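Here is a guided walk through one protein model. Keep the sequence and the 3D view side by side as you read.

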Amino acid sequence: MASTEHAEPRVPEPTEAELAIADELGRQMVRFMRLSVRAKSQVAKHGPDGIERAAYAILFRLVHEGPQRTSHLAEALHSDISTISRQSSSLVQHGLVERQADPEDGRASLLAPTEEGMRVFEENRRHRNRWLARVLSDWPEEDRIKLNVLFDRLNTGIEECDPLSADSSANCTTKGDDK
């Protein structure tokens with residue numbers, strides 16, 4: 001008996017023009033990442049002593065998503081458990097994060113932001129927002145809003161499309177507005 005499953009629709013190969021646009025986007029993304037690293041390293045020089053800038057990714061997740069296990073953080077941040085453990089230990093030592101008993105499994109613990117962690121997070125957020133507002137200060141409001149919409153759409157597409165499937169027939173289009 002033949003299978004009743006339907007194969008994924010075949011995605012046409014990109015045109016030369018589409019590949020040229022993708023190449024320029026890739027170049028701009030590399031430039032953006034380099035500039036982001038530069039900005040982070042400049043900010044890290046002024047951050048609290050002993051706290052790795054990468055550890056703030058843990059704090060960010062805990063503030064936005066609530067208490068989590070180390071294993072969940074490692075998966076979400078695409079890192080190994082030993083790295084997350086080391087970084088979270090630093091956050092605990094600095095009083096920014098605390099360990100709490102996991103209500104679902106008393107043997108495990110959850111990491112959660114402390115009041116001081118929330119204060120430091122908000123201080124960093126305000127600093128970042130002021131800096132970005134200055135960067136975009138001469139942009140029309142419509143362009144700033146459109147940038148947020150397009151950047152969100154790009155991030156969603158990157159989250160949903162496996163980079164190793166870029167040369168296959170897998171469909172990586174995201175749901176949403178094509179405008």
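Start at the surface of this predicted model. One helix, α1, gives the largest share of a nonpolar patch: three residues. The full patch consists of Val30, Phe32, Met33, Trp139, Leu147 and Phe151. Together these side chains expose about 530 Å² of accessible area. Two elements each supply two or more of the residues, namely α1 (16-44) and α6 (141-160). Val30, for one, sits in helix α1.

Stay on α1 for a charged pair. Side chains of opposite charge can pair when their charged atoms come close. Glu24 and Arg27 do this in a salt bridge, with 3.1 Å from N to O. The cut-off for such a bridge is 4 Å, so the pair qualifies. Both residues belong to helix α1. They are three residues apart, about one turn of the helix. Across the model, the count of salt bridges comes to eight.

Now turn to helix packing. Two packed helices are described by the angle between their axes and the distance between the axes. Take helix α2 (residues 55-65) and helix α5 (residues 115-135). Their axes lie 10 Å apart, at an angle of about 105°. Angles of 65 to 115 degrees count as roughly perpendicular, and α2 and α5 are therefore roughly perpendicular to each other. On the α2 side, the contact uses Tyr56, Leu59, Phe60, Val63 and His64. On the α5 side, Gly117, Met118, Val120, Phe121 and Asn124 take part. What is the chemical character of the contact of α2 with α5? Seven of its residues are nonpolar, three are polar and none is charged.

Helix α2 also packs against helix α4 (residues 81-93). Here the axes come within 9 Å and cross at roughly 80°. This pair, α2 and α4, is therefore roughly perpendicular too. Helix α2 brings Ala55, Ile58 and Leu59 to the contact. Helix α4 answers with Ile84, Gln87, Ser88 and Leu91. The residues of this contact divide into five nonpolar and two polar, with no charged residue.

Look again at Leu59 in the 3D view. This α2 residue takes part in the contact with α5, and Leu59 is also listed in the contact with α4.

Key. Residues numbered from 1 in each chain as written. Predicted model: local features only at pLDDT ≥ 70, side-chain atom pairs only at ≥ 80, totals over all residues. Heavy atoms only, no water. Axes fitted to C-alpha atoms, helices over the stretch in contact; angles between N-to-C directions. Helix = DSSP H or I, 4+ residues; strand = E, 2+ residues; numbered from the N terminus. Parallel < 35°, antiparallel > 145°, perpendicular 65-115°, else oblique. Contact = heavy atoms within 4.5 Å. Nonpolar A, V, L, I, M, F, W, Y, C, P; charged D, E, K, R; others polar. Patch = residues over 30% accessible without salt bridge, like charges linked within 9 Å, V, L, I, M, F, W, Y side chains within 5 Å. Areas by Shrake-Rupley, 256 points an atom, 1.4 Å probe, with all protein chains shown as cover.
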